[in-house]
Amino acid sequence: MTDDLGAGRRSDTATLAQARDDARGRADTAVEAMPYLPPATSPHVPADVDPASLVWAETVAGPGYTHMTVARGTRIRLEDLTGDACAHVVLHSALNPAERLNVADTQKIPWQAYLGTGHPLLSGDGRVLATVVADAAGGHHDAFCGVTTLAGNVARYGAGAAHTATAAGRELLLLAAAKQGLTARDVPPSVSFFKGVRVAADGALDWTGGGGAGATVDLVAEMPLTILIANAVHPLDPAEAYRAGPLRVHAWAAAASSPADPWWGATPERTRAYLNTDQYLLARGIR
Amino acid sequence: MTVTWATHEADYFDRSEPLVAGVVVDDHEIAPREGWSLVVRAGRVLTLVDVGGNQSGDCLIYDAADRDVRYSVQATLAAQRNAYLVDGAVLRDQEGHPLMTIVGNEVDRQDTIGGACSKESNTLRYGHHTLFHHACRENFLLEGARHGLGPRDLVSNINWFMNVPVEPDGTLGIVDGMSGPGRRVALRAERDVLVVLSNCPQVNNPCNDFNPTPLRVVVTDPAVAA
């Protein structure tokens with residue numbers, strides 16, 4: 001037995017039996033950033049959600065990333081616990097990953113650059129991947145700036161690799177993509193929730209900050225969907241120190257958008273986007 | 001409604017000349033509605049001429065040696081902290097590294113937030129009767145396929161000579177252009193790049209003045225006298 005007890009060592013681990021006991025003794029540790037399994041046992045179930053309907057419950061570290069494939073009609077709530085989170089999101093159709101978030105169409109089709117309640121997140125194929133169905137973050141979102149980069153974070157914070165405390169959003173998105181069998185080709189421009197940017201008359205991109213602690217945004221999956229989320233500093237964040245607080249995710253079985261929802265008929269362009277989506281799924285036998 | 005699909009020749013056309021001096025290494029006219037692609041070697045300058053005026057040239061840029069490295073509107077805009085492209089703008093890849101630089105520009109501002117038209121998005125924007133109108137995404141897919149690129153390689157693009165203002169409430173869209181016959185933009189390659197262009201076929205909005213016209217592409221090498 002060695003006397004060299006590592007700083008994190010809690011017990012003897014010289015034998016397999018000891019090492020196994022040590023490993024198993026770690027399992028019940030509760031920390032801030034972790035998934036909750038089964039999801040119904042989440043200690044943070046939103047008040048308006050039936051715990052039995054939950055399909056995903058997790059707190060994502062800042063910086064950190066997560067990813068999930070969810071069914072059509074899944075409602076995904078993101079919460080900025082401390083006011084310091086920034087959720088960079090990329091969406092792919094789970095039916096065909098070549099169909100994915102198209103930020104230009106997401107802004108152009110609704111004639112609206114800023115994300116808010118009712119905004120459709122469109123693919124490049126004339127369909128709705130997901131809809132922003134609730135925004136309790138005061139519209140502090142951004143579709144212009146994307147994620148921070150490795151080189152950018154090395155220059156600004158001294159490091160940007162995924163394992164560092166100042167990880168670049170792109171490094172995290174690439175890992176999330178890899179876990180879904182996707183590569184750099186599959187990581188297009190993203191949208192950012194909880195940190196806002198507005199365009200001035202001369203085109204300048206002005207930082208508007210965040211929605212504060214407890215801000216939430218809800219997305220509904222309009223088709224079987226793979227969501228990649230990087231929780232990392234926003235590229236225009238003016239704070240000297242790297243900013244990324246924990247991000248909470250709860251997702252539950254709900255309903256895809258229907259003509260009863262106000263955003264379905266909010267503009268003729270959106271109505272046709274939902275019609276295209278519904279017909280595409282109808283033909284595949286997906287309700 | 002009468003639809004003008006394209007005008008191939010007119011007395012107001014101005015084919016102009018390269019914006020940056022040097023030996024001409026490539027000179028091609030992209031017919032209305034067509035796609036085109038070419039590799040521009042590092043240091044050379046691509047001049048795009050708006051021959052008929054207010055003709056959108058939809059453009060994607062890839063590192064010629066590694067097509068996974070491609071133009072990123074978001075890295076470009078975040079770095080310059082401005083939504084519009086003007087003279088001196090650096091066009092960056094997803095990691096923030098320069099692909100090309102605008103070294104000459106005769107239009108107030110160039111667009112990179114409007115994206116490309118597609119048959120599918122036409123159905124959203126103008127109704128299902130436009131599904132069979134040719135579109136930039138078709139040109140990108142066809143030209144891209146010649147280089148091994150597919151739909152996973154298409155990202156938000158640049159629209160040379162197109163005008164997409166953003167109003168204070170976030171309203172954005174394509175309005176009448178600010179270009180004219182013979183106006184130019186010049187792009188210097190910061191490394192060997194593959195440039196994929198679509199001479200926009202759109203006839204349902206003002207991006208082509210409702211009349212697609214030719215674009216001229218001239219590549220010069222400033223290191224070699226003409």
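Biologist: Where is A:Trp111 found in chain A?

Modeller: This is a predicted model: local features need pLDDT of at least 70, side-chain atom pairs count only at pLDDT 80 or more, totals for chains, interfaces and linings use all residues, and side-chain values use heavy atoms, with hydrogens and water left out. Residues are numbered from 1 along each chain as its sequence is written, while chains are lettered from A and ligands numbered from 1 in the order in which they are written. Helices (H or I, at least four residues) and strands (E, at least two) are DSSP runs numbered from the N terminus. On that numbering, A:Trp111 sits in chain A in the loop between α2 and β5 (120-122).

Biologist: Is A:Trp111 buried, partly exposed or exposed?

Modeller: The backbone stands out, since A:Trp111 has a positive phi of about 55° although it is not a glycine. Buried means under 20% relative accessible area, exposed over 50%, and partly exposed in between (1.4 Å probe, protein chains only). At a relative accessible area of 41%, A:Trp111 is partly exposed.

Biologist: And is B:Asn54 buried or exposed?

Modeller: B:Asn54 also has a positive phi, about 50°, and is not a glycine. Its place is the loop between β3 (45-50) and β4 (57-63) of chain B. With 13% relative accessibility, B:Asn54 is buried.

Biologist: Which residue is joined to A:Leu37 by a cis peptide bond?

Modeller: The omega of this bond is about -15°. The partner lies in the loop between α1 (16-25) and β1 (54-60) of chain A. The partner is A:Pro38.

Biologist: What is omega for the cis peptide bond from A:Gly62 to A:Pro63?

Modeller: A:Pro63 is in the loop between β1 and β2 (64-70) of chain A. For the cis bond that leads into A:Pro63, omega is near 0°.

Biologist: How many disulfides does the structure hold?

Modeller: A disulfide is a pair of cysteine sulfur atoms within 2.5 Å. Over all chains, the count is zero.

Biologist: How far is the sulfur of A:Cys145 from the closest cysteine sulfur?

Modeller: A:Cys145 is buried, at 1% relative accessibility. The closest cysteine sulfur belongs to A:Cys86, and the gap is too far for a bond: 9.9 Å.

Biologist: Which cysteine has the sulfur nearest to that of B:Cys207?

Modeller: B:Cys207 is in no disulfide, with the nearest cysteine sulfur 3.8 Å away. B:Cys207 is buried, with a relative accessible area of 4%. That nearest sulfur is in B:Cys200.

Biologist: Which three residues supply the most of the area that chain B buries against chain A?

Modeller: Contact (heavy atoms within 4.5 Å) takes 45 residues from chain B and 43 from chain A. Buried area is the accessible area (1.4 Å probe) that two parts lose on being put together, summed over both. Between these chains it is about 3700 Å², with 52% from carbon and sulfur atoms. Of chain B's share, 23% comes from B:Gln74, B:Leu124 and B:Arg152.

Biologist: What volume does the largest cavity have?

Modeller: On a 1 Å grid over the protein atoms alone, a cavity is a set of points where a 1.4 Å probe fits but cannot get out; a pocket is an open set with protein on both sides within 12 Å along at least five of seven lines; lining residues have an atom within 4 Å of a point. Grid points are joined across faces, edges and corners, and a volume is the space filled by probe spheres set on the points. There are four cavities of 30 Å³ or more. The largest has a volume of about 240 Å³.

Biologist: Which element gives the largest share of the lining of the largest cavity?

Modeller: The lining has 23 residues, with A:Asn102 and B:Arg137 among those nearest the centre. Two elements supply at least two residues each: α2 (103-108) of chain A and α3 (136-145) of chain B. The largest share, three residues, comes from α2(A).

Biologist: What volume does the largest pocket have, and which element gives the most to its lining?

Modeller: The volume is about 320 Å³. Of 17 lining residues, those closest to the centre include A:Thr148, A:Gly152 and B:Ala78. At least two residues each come from α3 (150-157) of chain A and α1 of chain B. So the volume is about 320 Å³, and the element giving the most, with five residues, is α3(A).
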